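You asked for a short note to read beside the model. The points below go through the fold piece by piece.

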Amino acid sequence: MESPAVEILDLVKRYGGATAVDGLTFRAERGEVTAVLGPNGAGKTSTVEICEGFRKADGGVVRVLGLPPDAPELRARVGVMLQAGGVPPAARCGEWLRLVSRFYARPLDPEALLGRLGLTEHARTPYRRMSGGQQQRLSLAAAVVGRPELVFLDEPTAGLDPQARHACWDLVAELRAAGVSVVLTTHHMEEAERLADHVVIIDRGKVVAEGTPATLTGAERQLRFRARPGLGLEELLNALPSGSAAKESPSGHYIIEGQVGPELLATVTAWCAAEGVMADDLRIERRTLEDVFLELTGRELR
Ligand SMILES: Nc1ncnc2c1ncn2[C@@H]1O[C@H](COP(=O)(O)OP(=O)(O)OP(=O)(O)O)[C@@H](O)[C@H]1O
């Protein structure tokens, strides 16, 4: 049987006395996009860099395409986009991508890739003079130019403008369509919802939930509206069918959960009318991945 793209079992990484990755276990299947989500400091980059062979684990087992992460034969089969750097400051954008492409047997056309990522007009610009978003796009291009079987993207769209973000998403979708396995970390829940087949949420170095975006968010719907902060919701709750819940989160944003149907909608709007409350942006929708993420990892800043 073919091994998964990435298999991580009981991974542990410590820095001095602090445990950054604390018995982490998950797999990324071949041909799928796996998104690893987690608050700042959750251990995402540590985990990905161990898979890339850049850091050593203190415990557990990691297999990449069935091999140990430092196996030399992985270099030609795995693409890596780092969060920052990796390119000499004086290297010109186009020259660098052409150079990287020469390390591979069947590379993509570097010029076409520069065009795809909006870098053609910067082809002669030295890396140090490129903007942060342009540098980021060059790193993405360098990660995929060798037609890897598996690509690791660490926060690929952080700091990108909307146009570049969409270009990156299109590229990831194409990689997936071509059968490439993708493991990406991100703080953009929308990105994970759009791109990922499998989402792994980690917190304090452990997996706290995983599944498809649809299984994580569930089929349940919510009624949401905006109104002045601090509405007393007890009376509304009394009027709603049992098993319903009403909360204000964050301030001025109201969420009603339960059997969301015509009756619940009528009860809420009748209560609003009686209370003189204008419910703005009233809508019924499924929970988002961001809701699930915040429920699992809390609102405290890390
Ligand atoms: N080289 C290092 N030396 C010491 N501590 C480190 C080192 N690298 C990471 N850490 C610590 O390990 C923990 C996990 O860091 P890591 O970069 O893996 O998190 P992350 O989930 O990628 O965070 P972010 O979302 O902020 O990028 C953090 O507490 C961080 O301070």
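How many bridges join strand β10 to strand β13, and do they run parallel or antiparallel?

1. Strand β10 and strand β13. Strand β10 (residues 221-226) is joined to strand β13 (residues 280-286) by five bridges, and the two run antiparallel. One pair to look for is Arg-221, whose bridge partner in β13 is Arg-286. Please keep in mind throughout that this is a predicted model.

2. Strand β10 and strand β12. β10 is also joined by five bridges to strand β12 (residues 253-257), again in an antiparallel arrangement. Two positions show how these strands line up: Gln-222 has Glu-257 as its bridge partner in β12, and Phe-225 stands opposite Tyr-254 in β12.

3. The β11-β12 hairpin. β12 is joined to β11 by four bridges, and these strands run antiparallel. Lys-247, for instance, stands opposite Ile-255 in β12. β11 and β12 make a hairpin with four residues between them, and Gly-252 in the turn has a positive phi of about 85°. The loop between β11 (245-248) and β12 also holds Pro-250. The peptide bond from Ser-249 to Pro-250 is cis, with omega near -10°.

4. The two faces of β12. Which residues of β12 are on its covered face, and which are on its uncovered one? Tyr-254 and Ile-256 make up the covered face, while His-253, Ile-255 and Glu-257 are on the uncovered face. Tyr-254, on the covered face, is the residue that stands opposite Phe-225. Glu-257, on the uncovered face, is the bridge partner of Gln-222.

5. Overall layout. The protein has 10 helices and 13 strands. It is divided into domain 1 (6-216) and domain 2 (219-286), with C-alpha centres 41 Å apart. The C-alpha trace spans about 70 × 45 × 40 Å along its principal axes. Of the 302 residues, 37% are buried. Among contacts with a separation of 6 or more, 69% are between residues 24 or more positions apart.

6. Nonpolar cores. Nonpolar side chains tend to be buried together in soluble globular proteins. Here the largest nonpolar core has 68 residues, and those with the most contacts inside it are Ala-35, Leu-97, Ala-141, Val-151, Val-182 and Val-199. Helix α4 (residues 132-144) gives the most to this core, with six residues. A second, separate core has eight residues, among them Leu-240, Leu-264, Val-268 and Trp-271. To follow one residue of the largest core, take Val-182: leaving aside neighbours within four places in sequence, it is in contact with Val-33, Val-151, Leu-153, Val-172, Leu-175 and Arg-176.

7. Ala-192. Is Ala-192 buried or exposed? Ala-192 is buried, because 26 other C-beta atoms lie within 10 Å, where 20 or more is the cut-off. Its place is in helix α6 (residues 189-195). Not counting residues up to four places away in sequence, Ala-192 touches Ala-35, Leu-37, Thr-186, Val-199, Pro-213 and Leu-289. Pro-213 is 21 residues from Ala-192 in sequence, yet the C-alpha to C-alpha distance between them is 7.7 Å.

8. Backbone points to check. Most residues other than glycine have a negative phi, and most peptide bonds are trans. Asp-10, in strand β1 (residues 6-15), has a positive phi, near 55°. Glu-155 likewise has a positive phi, near 50°, and is found in the loop between β6 (150-154) and α5 (162-177). Their surroundings can be set side by side: Asp-10 is partly exposed because it has 14 other C-beta atoms within 10 Å, whereas Glu-155 is buried because it has 21.

9. The ligand shell. Which residues are around the ligand? They are Tyr-15, Ala-20, Gly-38, Asn-40, Gly-41, Ala-42, Gly-43, Lys-44, Thr-45 and Ser-46. By class, three are nonpolar, six are polar and one is charged. Helix α1 (residues 44-51) supplies the largest share of the shell, three residues.

Key. Residues numbered from 1 in each chain as written. Predicted model: local features only at pLDDT ≥ 70, side-chain atom pairs only at ≥ 80, totals over all residues. Near = placed C-beta within 6 Å. Nonpolar A, V, L, I, M, F, W, Y, C, P; charged D, E, K, R; others polar. Buried ≥ 20, exposed ≤ 12 C-beta atoms within 10 Å, placed from the backbone. Contact = placed C-beta atoms within 7 Å. Domains from an automatic or database assignment. Core = buried A, V, L, I, M, F, W, Y, C linked by C-beta atoms within 7 Å. Pairing = 2+ DSSP bridges.
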